Amino acid sequence: MLNAVYLEADAVTVLLLAPDGLTLEYAGTRGFSSALPRRSERVGRGLAGQVALSRRPWHFPAVQQAASLDSEWQRVLQQEGFTSYYATPVLSKGKVLGVIEVLHRASFELSGPWLDSLDLLVSQLAIAVENCNLFEELERQNLALRLAYDETIEGWARALDLRDRETEGHSRRVTERTVELCRALGLASEALVAVRRGALLHDMGKIAIPDAILLKPGPLTDEEWIVMKGHPDTAVELLSPIRFLRPALDIPHYHHEKWDGTGYPRGLQGTEIPLTARAFAVVDVFDALTSDRPYRSAWTRERALEHIQAGAGTHFDPQVVQVFLAMLQQEEEFRD
C-alpha cells in the first residue's frame, strides 16, 4: 500500500485489475473518514477506469468539475472535501495492473520531485503486484498438477480393484475412512495427503502377482503364499522411484504387519509399525469383512466389529481400534 503521508496526500486508493481484465477492484484505501461504498470500477468508465484505458496519468486540480465524474464518486468527494485529484496507471511490461489515485483537500501543485517519488512507489507496487500474480499462477498450476496426480492414482486404484475382483469402490471406501481415522488419531492435515495416496495404492504390489495365484479360488500353497507375501515389497519397488509418492509408502509397505509381530513382510511389532499402516489395517479388514466376496457373503456390521475388537492387541493396535470404534459410533449417531 502506498504511504499517504509520504506523498503529502490526504487520501490514496489502489485499484487492481481483476482477472477478467475489464474491472478494477479496490485493493486498499487510506485517508477516508468512512469506508468507500464502491468495490470496483469498470475499465473505461469513471476516473480510474479512464486512466486504465488511456494508460496515462490524469490530473484535476478541481476534480468535482471533471466531466467523467460519476454521481456516486462525486458524493464521496464532496463528503470528504477533496479538491485535487491525480491518478496514474500501474504498468508492468506494457500491461495495466491497476491504478493509483492521490487526493488532496486543499489545492496541490504538482512538482518534479513529487512526481518522481510517486513514480518510484508505483514502480515498487508494480513489481509487488507482478510477483503476487506470478505466485498465484504458480499456485494454480501446482494445484492442477496435484489434481492430475491424484486422478491418475485413483485410476490405478480402480484398475487394481478390477483385477483383484474386489468389490466395486473398495479402494475409495477404505481410503476415505482411513483418512478420517488418521485425522481422528491426530495427524496433521498435510500428512493426510500421503495417507490418501498410500491407501489408494495399498495393493499396488499385487500387479506383479500371477492371476493363477491372485485369483485362485481355493487355499494357497506354501510356495504361493511366499509369492503373495512379496507384494508389499513389490509396491515399494514400483512406487519409490516416483518422488511425490515416497511419503505415501508406509501403507502399501506395512499394512499387513500385525501388532504382535506375526505379520509380513518385516514382522514388525507394536509401534514399530507406522501409525498410518496400523490405522489402514483396521479399516481394510473391516471393509473386507462387510463386503461380499466370491468365496463368502458379507458379514454383518456387528460381527465384523466383534472380530476387530477380538483382534485388538494381536492383529491390531488397541488404541487405533478404540478410536475406530468411537468414530463408527459417531457415524451411527449422525445417521440417526
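**Exercise 1. Find which residues of helix α1 are buried, and describe what follows the helix.**

Step 1. Helix α1 covers residues 46–54, and within this helix Gly 46, Leu 47, Ala 48, Gly 49, Val 51 and Ala 52 are buried; buried means under 20% relative accessible area, exposed over 50%, and partly exposed in between, with a 1.4 Å probe and protein chains only. Helices (H or I, at least four residues) and strands (E, at least two) are DSSP runs, numbered from the N terminus.

Step 2. Just after α1, Arg 55 takes a positive phi of about 60°.

Step 3. Two remarks on the source belong here. This is a predicted model, in which local features need pLDDT of at least 70 and side-chain atom pairs count only at pLDDT 80 or more, while totals for chains, interfaces and linings use all residues. Residues are numbered from 1 along each chain as its sequence is written, and side-chain values use heavy atoms, with hydrogens and water left out.

**Exercise 2. Lay out the sheet, strand by strand, and place the helix that packs on it.**

Step 1. The open sheet has 6 strands in the order β3-β2-β1-β6-β5-β4, with antiparallel pairing; two strands pair if DSSP finds at least two bridges between them. Because β3 (40–42) and β4 (58–60) stand at the edges with a single partner strand each, one side of each is left without a neighbour in the sheet. From one strand to the next, the twist averages 20°.

Step 2. Strand β5 (residues 84–92) pairs with strand β6 (residues 95–104) over 9 bridges, and Val 90 has Gly 98 in β6 as its bridge partner. Helix α3 (residues 112–163) packs on the sheet, where it touches β1 (11–17), β5 and β6, and its direction makes about 45° with that of β5; contact means heavy atoms within 4.5 Å, and axes are lines fitted to C-alpha atoms, for helices over the stretch in contact, with angles from 0 to 180 degrees between N-to-C directions.

Step 3. Strand β1 is joined to β2 (residues 23–30) by 6 bridges, and the hairpin of these two strands, with 5 residues between them, contains Gly 21 at a positive phi near 75°. Strand β2 is in turn joined to β3 by 3 bridges, with Glu 41 in β3 as the bridge partner of Leu 24.

**Exercise 3. Work out which elements build the largest nonpolar core.**

Step 1. A nonpolar core is a set of buried Ala, Val, Leu, Ile, Met, Phe, Trp, Tyr and Cys residues joined through side-chain atoms within 4.5 Å. The largest one has 27 residues, and those touching the most other members include Leu 181, Val 282 and Phe 324.

Step 2. Two or more residues each come from α4 (170–184), α5 (189–200), α10 (275–289), α11 (301–310) and α12 (318–335), and the largest share, 8 residues, comes from α10.

Step 3. Leaving aside its neighbours within four places in sequence, Leu 181 is in contact with residues including Ala 279, Val 283 and Phe 324.

**Exercise 4. Classify the ring pair of Tyr 149 and Phe 244.**

Step 1. Rings of Phe, Tyr and Trp (its six-membered ring) pair if their centres lie within 6.5 Å; planes under 30 degrees apart count as stacked, over 60 as edge-to-face and the rest as tilted.

Step 2. The two ring centres of Tyr 149 and Phe 244 are 4.1 Å apart and the planes stand at 15°, so this pair is stacked. Because Tyr 149 lies in helix α3 and Phe 244 in the loop between α8 (231–239) and α9 (250–254), the pair ties together parts 95 residues apart in sequence.

Step 3. Tyr 149 is partly exposed at 32% relative accessible area, and Phe 244 is partly exposed at 26%.
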